[in-house]
Each structure stands twice: as C-alpha cells, then as structure tokens.
Amino acid sequence: MFKSPSPLHEDARMKIVELLNDRLADGLDLHSQIKVAHWNVKGPQFAALHPLFESFAVALAAFNDEIAERAVTLGGRAHGTARQVAKASGLPEYPADATRDLEHVRLLAERFEKYLEGVRASRAMAEKLGDPDGVDLLTRVVAEFDKNAWFLRASLE
Ligand SMILES: [Fe+2]
C-alpha cells in the first residue's frame, strides 16, 4: 500500500481498494458490453436505443474513472486492463449473436441489475469500514444506474 491522504486505517484502506477493484472490473466489463449493444442493435427501435446506449456508456466511463482514482487515492492500485477485467468481472459474457432491439434491452437490463448488486454490496462494506466518501461515490452510481435500469425495463413493459 502507498501513502494516502485518507485518515482510514491501512487495513480498512486495503479492503476498500479491493472492493473498488471488483466494482471497476464489473464496470469496465459492462462498459464494453454496452458499446457492443450500441454498435450492433438493429430493429424499429434503433433510432432511440443507439444514442440511449451511448449515454449509458458515457455515464459509466465517468464512474469507472472515479472508482479507479479512489482506489489509488486510498494507497492502492487500479487494475483495469482487458485481461485483468476478463478474469475479475462477475458479469456474464454478452451473447455474440444478439441483434434485435428489445433483445439488447433485456440483456443490458439483466447486466445493469447484476452490476448494481455488486455496487450495493460494496457500499454496505464501505459503510461498515467507516468510509463515508466511498459510500457517497457508490450511492451516486446506484442512483444513476437504477434510473438507467428503469429506462430499459420501461422499454420492455
Ligand atoms: Fe457511437
């Protein structure tokens, strides 16, 4: 562990860095899957979904960056190469043959919900470890991606 401006004990910082890296792996994996949906979506809903998926990718990229930088701020390292992410992500792989608009919506909705499970669990851990700033960051992720998951679920109703 490197030195950190954080007042948290090194033990707590180590655990938080670990959970931030788990969320980073999921987040980078999900970002790549959103882009695959953005590129390959076809069907009558194309005009609405192509830019909607891009807006999800942009929002997630910003959070991934914040999460990685928080891990380093706490004295750790950020692990985010494609190979590291492939090993560490808890999300299922994106089907290579998906094309139809609502099929992509369903696949992304399932993955957003899986991603949010991890973020909520990490937020509870950060709370336990006495890190209100980590809790705040993860709460912003939850608020944004709950909303995005709702956009997707609303398209399926
Ligand atoms: Fe694009």
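Me: Which relative accessible area makes a residue count as buried, and which class do F53 and F56 fall into?
Reply: In this predicted model, buried means a relative accessible area under 20%. Where F53 and F56 are concerned, both residues are buried.

Me: How many aromatic pairs does a search of the whole structure find, and which kind of pair do F53 and F56 make?
Reply: The search of the whole structure yields six aromatic pairs. In the pair of F53 and F56, the ring centres lie 6.4 Å apart and the planes meet at 35°. Planes under 30 degrees apart would count as stacked and planes over 60 as edge-to-face. The angle of 35° belongs to neither class, so the pair of F53 and F56 is tilted.

Me: By about how much of a helical turn are F53 and F56 separated?
Reply: F53 and F56 both belong to helix 2, which covers residues 46–73. They are three residues apart in this helix, so their separation is about one helical turn.

Me: What are the centre distance and the plane angle of the aromatic pair formed by W150 and F151?
Reply: A pair of aromatic rings is described by the distance of the centres and the angle of the planes. W150 and F151 form a tilted pair. Its values are 5.3 Å centre to centre and 45° between the planes.

Me: Is W150 buried or exposed, and what class does F151 have?
Reply: A residue is exposed over 50% relative accessible area, and buried under 20%. W150 has 53%, so W150 is exposed. F151 has 30% relative accessibility, a value between the two limits, and therefore F151 is partly exposed.

Me: Which residues do ring pairs link into a cluster?
Reply: The residues F53 and F56, which are both buried, belong to this cluster. Ring pairs link the cluster's members, which are F53, F56, F63, F112, Y115 and F145.

Me: How are helix 2 and helix 5 oriented, roughly parallel or roughly antiparallel?
Reply: The axes of helix 2 and helix 5 (residues 132–156) come within 11 Å and cross at roughly 165°. Angles over 145 degrees count as roughly antiparallel. Helix 2 is therefore, relative to helix 5, roughly antiparallel.

Me: Which residues of helix 2 make the contact with helix 5, and how many residues of each class does this contact have?
Reply: Helix 2 passes helix 5 in a left-handed crossing. On the side of helix 2, the contact is made by L52, F53, F56, A59, L60, F63, E66, I67 and R70. On the side of helix 5, the contact residues include L137, L138, F145 and F151. By class, this contact has 13 nonpolar, two polar and five charged residues.

Me: How are helix 2 and helix 4 oriented, roughly parallel or roughly antiparallel?
Reply: Two packed helices are described by the angle between their axes and the distance between the axes. Helix 2 and helix 4 pack with axes 12 Å apart, at an angle of about 20°. Angles under 35 degrees count as roughly parallel. Helix 2 and helix 4 are therefore roughly parallel.

Me: Which residues of helix 4 make the contact with helix 2?
Reply: The crossing of helix 2 and helix 4 is left-handed. Helix 2 contributes L49, F53, F56, L60 and I67 to the contact. Helix 4 contributes D101, H104, V105, L108, F112 and Y115.

Me: How many residues of each class has the contact of helix 1 with helix 2?
Reply: The axes of helix 1 and helix 2 come within 9 Å and cross at roughly 160°. This angle makes helix 1 roughly antiparallel to helix 2. Helix 1 passes helix 2 in a left-handed crossing. The contact has 15 nonpolar, six polar and four charged residues.

Me: Is R111 buried or exposed, and which residues is R111 in contact with, leaving aside neighbours within four places in sequence?
Reply: R111 lies in helix 4, which covers residues 101–128. Its relative accessibility is 5%, a value under 20%, so R111 is buried. Leaving aside neighbours within four places in sequence, R111 is in contact with L30, Q33, L91, P92, E93, Y94 and P95.

Me: Which residues does S122 contact, leaving aside neighbours within four places in sequence?
Reply: S122 is found in helix 4. At 3% relative accessibility, S122 counts as buried. Leaving aside neighbours within four places in sequence, the contacts of S122 are L19, R23 and L138.

Notes. Residues numbered from 1 in each chain as written. Predicted model: local features only at pLDDT ≥ 70, side-chain atom pairs only at ≥ 80, totals over all residues. Heavy atoms only, no water. Phe/Tyr/Trp six-rings, centres within 6.5 Å; stacked < 30°, edge-to-face > 60°. Helix = DSSP H or I, 4+ residues; strand = E, 2+ residues; numbered from the N terminus. Buried < 20%, exposed > 50% of the residue type's maximum accessible area, 1.4 Å probe, protein only. Axes fitted to C-alpha atoms, helices over the stretch in contact; angles between N-to-C directions. Parallel < 35°, antiparallel > 145°, perpendicular 65-115°, else oblique. Left-handed = near helix turned anticlockwise from the far one by under 90°. Contact = heavy atoms within 4.5 Å. Nonpolar A, V, L, I, M, F, W, Y, C, P; charged D, E, K, R; others polar.
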